[in-house]
Amino acid sequence: MSASALIWLPALEDGRARLAELAKGASFAQALELAHSRLDFVRTQALDQIVRRRWPQRPAEFAGPAYRLALLSSSTTGHLLAGLRIAALRAGIWLELYEGGYGQVRQELQATNSGLRAFQPDGVLFAFDAPQLCAGLSASSAPAEAQAALESVRGDLVNMWRKARAAFGCAVLQQTTLPTAPALLGANEHRLPGSRAAFVARINAGLREWVDAEGVDLVALDAAAARDGLGAWHDTLLWRRAKQDVHPAAAPMYGELVARILAARAGKSRKCLVLDLDNTLWGGVIGDDGLDGIVLGQGSALGEGFLAVQDYALQLGQRGIILAVCSKNDEANAIEPFEKHPDMALRRSDIACFVANWDDKADNIRRIAQRLNIGLDSLVFLDDNPFERNRVRQALPMVAVPEVPDEPALVPDVLAAAGYFEAIAVTREDRDRGELYKGNLQRETERERHGDFDVYLKSLGMRAHWGYFDDVNRQRIVQLINKTNQFNLTTRRYDDADYDAFQRDADIVGVHVRLIDRFGDNGLIGVVIARHQGVALILDSWLMSCRVLGRGVEAATLSILVDEAKQRGASELIGEYIPSAKNGMVAGHYESLGFRLIEEDETQRKRYVLRVNEYAAVAHPIEIERGNYGRPSENSD
Amino acid sequence: MAGQAKILTELTDLFREIFVDDEIVLSEETTAADLPGWDSMKHIEIIIAIEQKYSVRFSSRQVEGLRSVGDLVAAIDQKLS
């Protein structure tokens, strides 16, 4: 198996026959199933060829969005297209590709009549090979000359990113460069200013800072090559023969690396890791072997392997991934190691939802999604038992179920390679999420103590801190806009460039809301974007984190909006609901706040009005305060 | 030449998979001109697939000389013997 193989996907049985069936007329579901198996580059090409022949346009049964990606590269890319399209399919995206002319990157960006212009990309991916970037560098270059060359590369890249964004208002992705240049000094290569190997290393290191300042996302080929070995990603002979910088055999993984960035930007990254227990988090069966009999912790390679799985899960939890347990066990047995085993890295409090019983695991996983208030397509299910894996794959195809290697020590590598939790930014809320869920558990306990829910809500001492769109909260607001699926009235996605435009537009009211209670800060949980148009404030977007559902935040937010309308002299608020596969929970949102339906089309898209002078405040237990962090944008008056 | 006949059968199978066409019939004389889609990009794919299948590696010089199915069969046979 190639070092860049898709190791987390199940092997494809009868691949030849299945592809032939698809070519002859099997359904699109079969194509998706094939895409979710471990295809090598030949079969990836074959699947792509069949899919494109049978479905030239996005088929109706594919619910994911279409995305237009332009590939602007200094080397050959034709062999990468199939890998990109199939990986996108797997990530729930229908990818349309544009391949820039070979080595024509600058010209395409410049020309007003280029194919790129006509294509109107949603995203542009820049890819440059080492020889291209090292042009102008000589092994005898002085330090100042090498520094100038580095500055020139940076200036050139930044210039292209900005041009692409200005021309298309699109997302920009930059591939890091494969370190293909051979060393001249050796281990201390960095001491030779004109070394190409050292220069590429400096560019790759520099890119990490350059892209952050420009809102560009990296596709880290250098990290992939460091993990899999350069030979898995680049073949000097193929470079000479066909100017292929990326090895054709690595095309399926290359597609993955790109597609998961697009998926993360579209809010499709997974949010929760569901863990089996016996022989997944420890060796043996707790119900049979007992606390002293399970294999875990220092002292044996196997025990350390299981500890490594726990430690990786714990780190994922600390960076914002929700952890859950789904185990066939008596609950008391299942919990015992979490409370009493000295070597456990995971403790009961790290698990947001703990389900141990003898029911079907697919049913239990449904319950977990419900209790956590997240979609099934946000879940990853880790289980050593092939029976359970297949059961869940078959009953719940939207749940990601990775293959699990026999060696527990290798599980973290498989999870990392799968890229389920790909994220493009880390916000304070991500880091605090573990605490938030612990806070939620305390609140649940309080709720049980208080029979009367309203009394309970009042006892929380909730305060809503709100403010206009500002720079401090930009990252979190853009993240919420792009990943909120359920409590989202219109599911309109906006990127950093849109956010900039909103901040500058005097007719746009962008409001964010943070909720604080006596258990702690729930973080920035609500966003509204409204446009002041004529006599109305039109609510373009209204979204909220489901964590704070049922606590009156909606009513509190409305009162903020009504005040804003009054200040601006607007006489009505117009609300809009666009149904999606996931936002059924807010179908009655505007009615419940006293809005009146004025329009409905055949797609159940609805518009509502609330006249400001008829506004009857909906009671809520939240004290509203203008936040003292961040400053109002200039459009606030 | 039983070895070469076996390789030809295996290559036919591989070509059918690569070209997604079960009708393909190869002979030693088959060249790129006989198979629609056998362009230079496909040629590289074929070479890599052969290298992976037989765990062999062709040199650049050899690759430049591989123009017909017969050339491929002979090159594989030589590497394997």
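# Exercises on strands, a loop residue and an interface

In chain A, strand E10 has 5 of its 6 residues buried (under 20% relative accessible area, 1.4 Å probe, protein chains only; over 50% is exposed, in between is partly exposed), so E10(A) is largely enclosed by the rest of the structure. The model is predicted: local features need pLDDT of at least 70, side-chain atom pairs count only at pLDDT 80 or more, and totals for chains, interfaces and linings use all residues. Residues are numbered from 1 along each chain as written, chains are lettered from A and ligands numbered from 1 in written order, and side-chain values use heavy atoms, without hydrogens and water.

**Exercise 1. Find the strands that pair with E10(A), and state their directions.**

Solution.
- Step 1. Know the terms. Strands (E, at least two residues) and helices (H or I, at least four) are DSSP runs numbered from the N terminus. Two strands pair if DSSP finds at least two bridges between them.
- Step 2. Take E11(A), residues 508-517. It runs antiparallel to E10(A), residues 463-468, with 6 bridges.
- Step 3. Check residues. Arg463(A) has Ile516(A) as its bridge partner. Ala464(A) stands opposite Leu515(A).
- Step 4. Take E17(A), residues 623-626. It runs parallel to E10(A), with 4 bridges. Here Trp466(A) stands opposite Arg626(A).

**Exercise 2. Describe the surroundings of E11(A): is this strand enclosed or open?**

Solution.
- Step 1. Count. In E11(A), 10 of the 10 residues are buried, so the strand is largely enclosed by the rest of the structure.
- Step 2. Recall the rule. In a regular strand the side chains alternate between the two faces of the sheet.
- Step 3. Sort the residues. Ile508(A), Gly510(A), His512(A), Arg514(A) and Ile516(A) point one way. Val509(A), Val511(A), Val513(A), Leu515(A) and Asp517(A) point the other way. All are buried.
- Step 4. Follow the chain. E11(A) and E12(A) form a hairpin with 2 residues between them. They run antiparallel, joined by 9 bridges. His512(A) stands opposite Val527(A).

**Exercise 3. Which strands flank E1(A) through bridges?**

Solution.
- Step 1. Start with E1(A), residues 66-73. It is mostly covered: 6 of its 8 residues are buried.
- Step 2. Add E2(A), residues 94-99. It runs parallel to E1(A), with 6 bridges. Arg68(A) pairs with Glu96(A).
- Step 3. Add E3(A), residues 123-127. It also runs parallel to E1(A), with 5 bridges. Ala70(A) pairs with Val124(A).

**Exercise 4. Locate Asp245(A) and list its contacts.**

Solution.
- Step 1. Place the residue. Asp245(A) lies in the loop between H12 (236-242) and H13 (251-265) of chain A.
- Step 2. Look for a salt bridge (a side-chain nitrogen of Lys or Arg within 4 Å of a carboxyl oxygen of Asp or Glu). Asp245(A) is buried yet has none. The nearest side chain of opposite charge (Lys and Arg positive, Asp and Glu negative; His and chain ends not counted) is Lys243(A), 9.9 Å away.
- Step 3. List contacts (heavy atoms within 4.5 Å). Leaving aside neighbours within four places in sequence, they include Ser75(A), Asp129(A), Trp233(A) and His234(A).

**Exercise 5. How many residues and salt bridges does the interface of chain B and chain A have?**

Solution.
- Step 1. Count residues. Chain B gives 20 and chain A gives 20.
- Step 2. Take the buried area (accessible area, 1.4 Å probe, lost by two parts on being put together, summed over both). It is about 1700 Å², with 57% from carbon and sulfur atoms.
- Step 3. Count salt bridges. The rule finds 4. One of them joins Glu17(B) to Arg43(A), with the closest N and O atoms 2.4 Å apart.
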